[in-house]
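Please open the structure in your viewer, with the sequence alongside, and follow the stops below in order.

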Amino acid sequence: MIPSKTPPPKLLGVAMIGYAFMGKAHSNAWRNVASFFDVPAFGQKVLVGRDAGAVAEAAAKYGWAESATDWRTVITRDDIDIVDICAPGWMHAEIAIAALEAGKHVLVEKPLANTLAEAELMTAAAAKARAKGVQSMVGFNYRRVPALALAKELIAEGRLGTVRHIRAAYLQDWLADAQAPMTWRLRKETAGSGALGDIASHAIDQIQYLIGQTVLETSGVLKTFVSQRPGQNSFENVTVDDAAWATFWLTGGVGASVEASRVATGQKNSLQIEIYGTNGSLSFNLENLNELQFLDGTLPVREQGFRRILVNEPDHPYLHAWWPQGHIIGWEHTFTHQIRDFLTAIKDGSEPSPSFEEGLQVQRVLSAVEESANNKSTVTTVNLGAFATKGA
């Protein structure tokens, strides 16, 4: 009798919607993840976009088997198991909810949605789908920076003692020139918000994630420095913020501040995070992605000082898969780590993080900052609601 062979595991079919900036970054991750990490078998089935010619060209360039222009048809296909949403924020809710209802695992870029109401609908759909074994995750890729993952480990191990306060600033300058052209990111109806949702959301997620606490109160200010920008035919009104400032109080009594700007001349893509505790401090800057600064406050004062940890040892998070010690990695690797974690969660049947509930919590904070700013920076309570982040 010939023993029966175990059938190979099902190939997970992936469809990605959107092929511009984030589509390129995600495609790179899908193309490379299996070369470095042990992940379930999958195939880059189809890339979706509105322009048939442009999306076909991008699909061939980025390693997708085919292209399409109708996402509604694609998510109903039997050979599609995962939908990766890299489209602009105003499309997130409709696509994600439809994909989850079709039984597809969903990864969606941050922020979760353009509005709090949309985010709540998405989270409810994700909870319903999860009960049927369908997973969902929000793409806060900076959680997968090895240096920040190490920072979380050090905080959890008590190396900082009791965390007291955090400073975070995400600064860019791509809109510093008043003649920089109008884009969808500068219209509230398509982007939801400006620097607040685009980049402050990363800083807010990091603050909550690193210390495992939830924002309770905030006071915020939003500012648009350039109110009109050149469009295709004439100048158009900018309807989102260029910069945002906010202070926060979290569930464990920690105070935090966030600054975000897309008009910070000379700052290209600088996410700076400083965490201060009773026994030590940590400092990180995305422009030095492979480094974490750590001060051990338990040492004698004569020996104290920030020391540089070069985070590229095999014992550091994610780095066993990459290069020999001393060989740095880059921004693009965070997306590869993100895909690795998402695929692993699907294989194990575990809930990936950040979940839609965690994405909704960030959305609630963004909404509270905006409400505070509209009310001239009054302190605003964050409504935790029915989908409060677990463990907060």
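Which residue just after α8 takes a positive phi? In this predicted model, the residue to select is G212, where phi is about 65 degrees.

From there, step back and select α8 itself, residues 195-211. With 17 residues at 1.5 Å a residue, this helix should span 24 Å, and because its end C-alpha atoms are 23 Å apart, the expected and computed lengths agree. Now centre the view on S201, where α8 bends by about 40 degrees. If you then display the surroundings of the helix, you will find α8 mostly covered, since 16 of its 17 residues are buried.

Next, select strand β8, residues 215-223, together with β11, residues 243-250. These two strands run antiparallel and are joined by 8 bridges; one place to look is L222, which stands opposite A244 in β11. Keep β8 selected and add β17, which also runs antiparallel to β8 and is joined to it by 2 bridges. Within this pairing, E217 has T381 of β17 as its bridge partner. When you show the side chains here, bear in mind that in a regular strand they alternate between the two faces of the sheet.

The next stops are two cis peptide bonds. Select K110 and P111, which are joined by a cis peptide bond with omega at about -15 degrees; P111 lies in the loop that runs between β5 (105-109) and α5 (116-130). Then move to S353 and P354, where a cis peptide bond has an omega of about 5 degrees. P354 is in the loop between α9 (333-348) and α10 (356-374).

To finish, turn to two residues other than glycine that have a positive phi, beginning with Y318, whose phi is near 75 degrees. Y318 is placed in the loop between β16 (307-310) and α9. Is Y318 buried or exposed? Its relative accessibility is 15%, and because buried means under 20%, Y318 counts as buried.

The other residue to select is K376, with a phi near 65 degrees, which you will find in the loop between α10 and β17 (380-381). Here the relative accessible area is 74%, and since exposed means over 50%, K376 is exposed.

Note on methods
Residues are numbered from 1 along each chain as its sequence is written. This is a predicted model: local features need pLDDT of at least 70, side-chain atom pairs count only at pLDDT 80 or more; totals for chains, interfaces and linings use all residues. Side-chain values use heavy atoms; hydrogens and water are left out. Helices (H or I, at least four residues) and strands (E, at least two) are DSSP runs, numbered from the N terminus. The expected span of a helix is 1.5 Å times one less than its number of residues. The bend at a residue is the angle between axes fitted to the seven residues ending there and the seven starting there. Buried means under 20% relative accessible area, exposed over 50%, partly exposed in between (1.4 Å probe, protein chains only). Two strands pair if DSSP finds at least two bridges between them.
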